[in-house]
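Biologist: Please pick one part of this fold and take me through it closely. I want to know what surrounds it and how the rest of the chain is arranged.

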Amino acid sequence: MGPPVLRSVDVDLALSGLRPVDPATEGTYEAWAIGSDGVIRSAGRFVLPPDGRVTVRSPIENPEHFMLTVEPPGDVDEQPSPHKLLGGRFSGATAQLDV
């Protein structure tokens, strides 16, 4: 048997109350998916569009939790920064994110 196959899924975000950040001076938003095993994987970085709607790709097929951080300029590691903005637990296909 080979290694397990990871299936990714789209996660649609409707964000309100967040302001755009300057990638050069403040960093970028990054979405994180957290599996039932506690492993945290990046679902992608993004620039906040004016309508607050973003689709990211979770590398975990059925994430249990979701988190949004601001990653500092030049950050290249695969771990979330301590600047956690929002987080929440999935209930079915939906997660309500809180500060």
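Modeller: Start with a cut-off: a residue is called buried when its relative accessible area is under 20%, and exposed when that value is over 50%. Keep in mind that this is a predicted model.

My choice is strand 2, residues 28-34. Seven of its seven residues are buried, so strand 2 is largely enclosed by the rest of the structure. The cover is on both faces. Thr28, Glu30, Trp32 and Ile34 are buried on one side. Tyr29, Ala31 and Ala33 are buried on the other. For the protein as a whole, 36% of the 99 residues count as buried.

Now the setting. The protein has seven strands and zero helices. Read from the N terminus, the order of elements is β-β-β-β-β-β-β. The radius of gyration is 14 Å, and the globule rule gives 13 Å for 99 residues, so the protein is as compact as a globular protein of that length. The C-alpha trace spans about 45 × 30 × 20 Å along its principal axes.

Five of the strands make an open sheet in the order 3-2-5-6-7, with antiparallel pairing. Strand 3 and strand 7 stand at the edges with a single partner strand each, so one side of each has no neighbour in the sheet. Strand 2 lies between strand 3 and strand 5 in that order.

Take strand 5 first. It covers residues 65-71 and runs antiparallel to strand 2, joined by seven bridges. Two residue pairs help to locate this on screen. Ile34 stands opposite His65. Ala31 has Leu68 as its bridge partner.

Strand 3 comes next. It covers residues 40-46 and pairs with strand 2 over six bridges, again in the antiparallel sense. Here the bridge partner of Tyr29 is Phe46. Strand 2 and strand 3 form a hairpin, with five residues between them. Gly38 is in the turn and has a positive phi of about 85°.

Stay on strand 3 for Gly44. Outside its neighbours within four places in sequence, Gly44 touches Tyr29, Glu30 and Ala31. Those three residues of strand 2 are buried. Gly44 itself is partly exposed, at a relative accessible area of 22%. Pro20 is 24 residues away along the chain from Gly44, and their C-alpha atoms are 16 Å apart.

For contrast, go to strand 7, the other edge. It holds residues 94-95, and Thr94 is one of them. Thr94 is exposed, with a relative accessible area of 53%. Its C-alpha atom is 9.9 Å from that of Leu13, although 81 residues separate the two along the chain.

Contacts can be put in numbers for the whole protein too. Take contacts between residues at least 6 apart in sequence: 57% of them join residues at least 24 apart.

Last, the surface. The accessible area comes to about 6,400 Å², and carbon and sulfur atoms account for 53% of it. The protein carries 8 positive and 14 negative charges, and the mean positions of the two sets are 4 Å apart.

Back to the part itself. Strand 2 has strand 5 bridged to it by seven bridges and strand 3 by six. Buried residues line both of its faces.

Terms used. Residues numbered from 1 in each chain as written. Predicted model: local features only at pLDDT ≥ 70, side-chain atom pairs only at ≥ 80, totals over all residues. Heavy atoms only, no water. Helix = DSSP H or I, 4+ residues; strand = E, 2+ residues; numbered from the N terminus. Rg over C-alpha atoms; globule rule 2.2 N^0.38 Å. Buried < 20%, exposed > 50% of the residue type's maximum accessible area, 1.4 Å probe, protein only. Contact = heavy atoms within 4.5 Å. Areas by Shrake-Rupley, 256 points an atom, 1.4 Å probe, with all protein chains shown as cover. Lys, Arg positive; Asp, Glu negative; His and termini not counted. Charge placed at Lys NZ, Arg CZ, Asp CG, Glu CD. Pairing = 2+ DSSP bridges.
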